[in-house]
Amino acid sequence: MSADYNRRLGVYAICEKDGKLLVVDKRTGPYRGRIDLPGGGIESFETIEEALKREIREETGLNVIESVRLGMSDFLLPFSKEETGYHMAIMYHLLSWEGNITAVAKQFSGQDADGARWVHPSDIIEETASPLVIEAMKWLKTGSLTENTIVFDRFKIYSKMTHHDTF
């Protein structure tokens, strides 16, 4: 076991439109330089559904109208020799929303996304996608989430944004 065990719980949305997946560009945290699902942590005195709506609004500009909880996915990631990350994700499917996505997210303390965009599944590659995006792609193909913890033997944390070179 690593010296530091970083445990995170969050709520995330799979949102699709015209065959494309809604993603955010991460600018900070262990997923920086990757695309990720919109979502994040649950604040004090906030329900899971309230957190979902707040996170989606903050990161994408969309207002959630209807969603359905799919279940939970969890990931064990070696962030470094000194730190292991255990990420628990409560997954939702957005059924309806209003508004337009914001290409540049409003920045404030704690904001880890640069903006949102629609990405075609054929343009998503594992090296520049978070584990959440990979799991979302599986769900879109099969209709089910992985039942057991997804363990990564290796996981690269990028020092800066890399998606522009990839997409």
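**Salt bridges and one pocket**

Let me start with a single residue, Arg69, which is partly exposed, with a relative accessible area of 44%. Before I go on, please keep in mind that what we are looking at is a predicted model.

Arg69 does not stand alone, since its side chain meets that of Glu49 in a salt bridge, at 2.8 Å from N to O. That pair links distant parts of the chain, with Glu49 in helix H1, residues 48-60, and Arg69 in strand E6, residues 63-78, the two being 20 residues apart. Glu49, for its part, also counts as partly exposed, at 34% relative accessibility. As general background, side chains of opposite charge can pair when their charged atoms come close.

How many salt bridges are there by this rule? The count comes to eight, and I will go through two others that are set up in rather distinct ways.

Take Asp25 and Arg117, whose side chains meet in a salt bridge at 2.9 Å, again N to O. This pair, too, joins distant parts of the chain, because Asp25 lies in strand E3, residues 20-26, while Arg117 lies in strand E8, residues 113-119, 92 residues apart. Is Asp25 buried or exposed? At 7% relative accessibility Asp25 counts as buried, because buried means under 20% relative accessible area.

Now turn to helix H1 once more, where the side chains of Glu58 and Arg54 meet in a salt bridge at 3.3 Å, N to O. Both residues lie in helix H1, four residues apart, which is about one turn of the helix. Their surroundings can be described one by one: Arg54 counts as buried, at 9% relative accessibility, whereas Glu58, at 25%, counts as partly exposed. Arg54 and Glu58 also belong to a wider arrangement, a network of salt bridges that links them with Glu43, Glu46 and Glu55.

Let me finish with a pocket, the second largest one, which has a volume of about 210 Å³. Which residues line the second largest pocket? The lining consists of Arg34, Glu126, Glu127, Ala129, Ser130, Pro131, Ile134, Phe152, Arg154, Phe155, Lys156 and Tyr158. Sorted by character, the residues of this lining divide into six nonpolar, one polar and five charged.

To gather the threads, we have seen a buried Asp25 paired with Arg117, a partly exposed Arg69 paired with Glu49, a network that includes Arg54 and Glu58, and a pocket with both nonpolar and charged residues in its lining.

Technical notes:
Residues are numbered from 1 along each chain as its sequence is written. This is a predicted model: local features need pLDDT of at least 70, side-chain atom pairs count only at pLDDT 80 or more; totals for chains, interfaces and linings use all residues. Side-chain values use heavy atoms; hydrogens and water are left out. A salt bridge is a side-chain nitrogen of Lys or Arg within 4 Å of a carboxyl oxygen of Asp or Glu. Buried means under 20% relative accessible area, exposed over 50%, partly exposed in between (1.4 Å probe, protein chains only). On a 1 Å grid over the protein atoms alone, a cavity is a set of points where a 1.4 Å probe fits but cannot get out, and a pocket is an open set with protein on both sides within 12 Å along at least five of seven lines; lining residues have an atom within 4 Å of a point. Grid points are joined across faces, edges and corners, and a volume is the space filled by probe spheres set on the points. Ala, Val, Leu, Ile, Met, Phe, Trp, Tyr, Cys and Pro count as nonpolar, Asp, Glu, Lys and Arg as charged, and the others, Gly among them, as polar.
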